Each structure stands twice: as structure tokens, then as C-alpha cells.
Amino acid sequence: MRFLKAREWNVPKAHKMLMDCLNWRLQNEIDSVLAKPIVPSDLYRSIRETLLVGLTGYSKQGQPVYAFGVGLSTFDKASVHYYLQSHIQMNEYRDRVVLPGASNMFGKQVNTCLKIMDMTGLKLSALNQIKMLSTITAVDDLNYPEKTETYYIVNAPYVFSACWKVVKPLLQERTKKKIKVLYGPGRDELLKVMDHEALPHFCNREGSGSLSDGVDCYSYDHPFHQQLYNFVKQQALSQDIVGPLKQGSMHVHVPVPDIEDAKIAETIESELHKLREGNGLSRSFNRINIEGP
């Protein structure tokens with residue numbers, strides 16, 4: 001059903017997408033990715049410090065709420081392969097552990113999550129991260145379709161507004177409906193779909209939100225990341241591997257983005273080049289009021 005929905009109920013296209021996904025999983029041994037820990041732990045900590053993502057809680061409908069620090073993720077402490085491995089592990093852990101756990105917790109089937117995309121710190125230099133973000137997007141769109149119900153964009157600076165204006169017309173209506181651009185940290189809007197405890201720390205003016213014992217949701221020391229990392233290490237031990245765990249990243253083949261995603265990445269890159277060349281935009285990118293989709 002997810003693949004049919006992703007291909008607008010076109011059966012031949014959905015069938016091809018599904019078969020491509022199954023082949024990708026087989027060729028890259030994705031089924032065993034949760035038994036391949038990123039070692040040493042200091043390397044994993046560095047990845048967590050530069051690929052900012054975390055689980056903050058659950059929505060009122062039971063969906064896991066993930067926070068993603070888009071603007072402050074630098075992807076500069078490890079190779080692309082390690083970042084991709086970490087991202088895929090998080091996807092697989094979500095599908096195998098987090099979503100089934102949410103279903104049991106809320107007494108109903110929970111198949112999707114919510115994502116809060118924090119644009120704080122987004123600058124023209126984000127051009128350097130486009131390749132990594134495009135890679136992650138391609139993997140998600142082609143192999144984990146329809147796992148996110150809504151994307152909430154918060155703390156959006158001017159540079160995001162400029163890119164959004166040119167990207168929005170390129171999106172399919174189905175995709176547009178999933179994206180909600182909120183004013184500032186979006187706290188009031190987010191509290192309509194989740195309780196205060198599930199708010200990421202960057203959305204909460206009055207308190208710590210998703211801070212756990214003073215640790216923000218991105219941190220290696222946050223309970224979610226500790227549980228995920230320990231789970232992967234335990235899975236590795238159950239594989240009867242003799243000797244210490246070996247360091248080395250998975251080299252996952254990145255699927256070719258579909259035409260829509262490729263066009264969007266190209267448009268964003270072009271717009272950032274224009275902004276970078278414009279002398280009038282040397283001012284700081286303050287937050288502005290952005291109309292939602």
C-alpha cells in the first residue's frame with residue numbers, strides 16, 4: 001500500500017518501485033544493518049554531533065516524533081558512508097522497534113511518524129550539505145516511502161523562504177500537503193498534535209521540552225540513542241562474531257533519485273548560488289513570517 005500510494009496508485013510503477021527496493025535491500029544487506037555497529041563509540045558520538053536527529057516522544061495519535069536539526073547538521077566528522085549507515089540504521093530501528101512499540105503502547109496500528117525540521121542556523125553555506133541531504137532523501141523516498149505523515153518546518157530563516165518559493169511549485173500535491181511551514185518555533189501549532197513532553201527543545205520557549213535529564217534529543221547520551229546503539233551492539237553479538245567488532249562503514253549503493261527529487265535538488269542548488277552572489281543578502285538571515293503551504 002505504501003508503494004502504491006507513493007506512485008499515485010499506478011500499479012506498474014508501484015511494482016517496479018517495490019522490486020527495486022527489494023533488490024536494493026538484498027544487494028546492500030540491509031536486513032543485517034542493525035547488526036553492524038559504528039565503532040568505536042567516539043566515532044558514533046561524532047556522527048550524532050553532526051547529523052542532528054532524535055526521537056522526542058509521541059503525538060496524541062501515537063506517532064513517534066522525530067526532530068531533525070537541518071540547519072546545524074554539518075556532516076563533517078565522518079565519511080558519507082558512515083552518515084548513510086547511521087541514517088539507515090535509524091530507519092530500520094524505527095520500523096522494527098519504535099513503530100511496533102508505539103502500536104503496543106497506544107493499542108492500535110501505528111505505521112507513520114512525524115518529523116520536525118529545525119532550520120535554525122541555515123546559511124548559504126548549506127550548499128555544501130546538499131549532496132548529503134539529497135542522498136538521504138533519495139534513500140528515504142525510494143526505499144522507505146510514506147513513513148512520514150507530516151513534516152513540520154520550524155525556525156525558518158530568510159534563506160529557507162527564498163528556496164521554498166521556488167521549490168514549492170515543483171512538488172506534487174500529495175507532497176505539499178505533508179509539509180507545514182510554521183511561524184518561528186511553531187510551539188502552539190505543534191501542541192495541537194502532541195503534548196508538551198514531546199516538543200523538541202528548540203520549539204519550547206518556556207522549558208526544556210524533549211530534554212531528558214538535561215540531555216537534548218540529538219545527543220549521543222540521550223536515552224533514545226543509547227537504546228539504539230546498545231540494540232545494534234547486542235544484535236552484532238548475537239551473530240556469533242568471533243573477536244572484537246571491526247571498524248569500517250557499510251558502502252551502501254545510493255539509488256538514483258527520481259525526476260522530481262533531482263529537479264528539486266538542482267533548483268535549491270541554483271537558488272543558493274543566486275543568493276550567495278547577491279550582495280544585498282549579506283545581512284543576517286533573521287526569522288521571518290512565512291506563509292504555510
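**Close-up views of a predicted model**

**View 1. Helices H4 and H9 cross at roughly 90°****.** In this predicted model, the axes of helix H4 (residues 80-106) and helix H9 (residues 223-237) come within 11 Å. With angles of 65 to 115 degrees counted as roughly perpendicular, that crossing makes H4 roughly perpendicular to H9. Which residues make the contact? From H4 come Gln89, Met90, Tyr93, Val97 and Val98, and they meet Phe224, His225, Gln227, Leu228, Phe231 and Val232 of H9. Sorted by class, the contact of H4 with H9 has eight nonpolar and three polar residues, with no charged residues.

**View 2. An aromatic cluster brings together Tyr66, Tyr93, Phe224 and Phe231****.** Take another look at the crossing from View 1 with the rings in mind. Tyr93 belongs to the H4 side of that contact, while Phe224 and Phe231 belong to the H9 side. Together with Tyr66, these residues form one aromatic cluster.

**View 3. Tyr44 and Tyr229 form a stacked aromatic pair****.** The structure holds eleven aromatic pairs, and here is one of them. The rings of Tyr44 and Tyr229 sit 4.4 Å apart, centre to centre, with 10° between the planes. What does this pair tie together? Tyr44 lies in helix H3 (residues 41-50) and Tyr229 in helix H9, so the pair links parts that are 185 residues apart in sequence. Are the two partners buried or exposed? Tyr44 is buried, at a relative accessible area of 2%, and Tyr229 is buried too, at 5%.

**View 4. Phe160 and Trp164 stack within helix H6****.** For this pair, the centres are 6.0 Å apart and the angle between the planes is 10°. Both residues lie in helix H6 (residues 158-167). Four residues separate them along the sequence, about one turn of the helix. Phe160 and Trp164 are both buried.

**View 5. The whole protein, with ten helices and five strands****.** Stepping back from the close-ups gives some context. Of the 293 residues, 51% count as buried; Tyr44 and Tyr229 from View 3 are among them, as are Phe160 and Trp164 from View 4. How many of the contacts between residues at least 6 apart in sequence join residues at least 24 apart? The share is 79%. The accessible surface of the protein comes to about 14800 Å², and carbon and sulfur atoms account for 53% of that surface.

How values were computed: Residues are numbered from 1 along each chain as its sequence is written. This is a predicted model: local features need pLDDT of at least 70, side-chain atom pairs count only at pLDDT 80 or more; totals for chains, interfaces and linings use all residues. Side-chain values use heavy atoms; hydrogens and water are left out. Axes are lines fitted to C-alpha atoms, for helices over the stretch in contact, and angles run from 0 to 180 degrees between N-to-C directions. Helices (H or I, at least four residues) and strands (E, at least two) are DSSP runs, numbered from the N terminus. Angles under 35 degrees count as roughly parallel, over 145 as roughly antiparallel, 65 to 115 as roughly perpendicular and the rest as oblique. Contact means heavy atoms within 4.5 Å. Ala, Val, Leu, Ile, Met, Phe, Trp, Tyr, Cys and Pro count as nonpolar, Asp, Glu, Lys and Arg as charged, and the others, Gly among them, as polar. Buried means under 20% relative accessible area, exposed over 50%, partly exposed in between (1.4 Å probe, protein chains only). Accessible areas come from the Shrake-Rupley method with a 1.4 Å probe; for residues, only the protein chains shown count as cover. Rings of Phe, Tyr and Trp (its six-membered ring) pair if their centres lie within 6.5 Å; planes under 30 degrees apart count as stacked, over 60 as edge-to-face and the rest as tilted.
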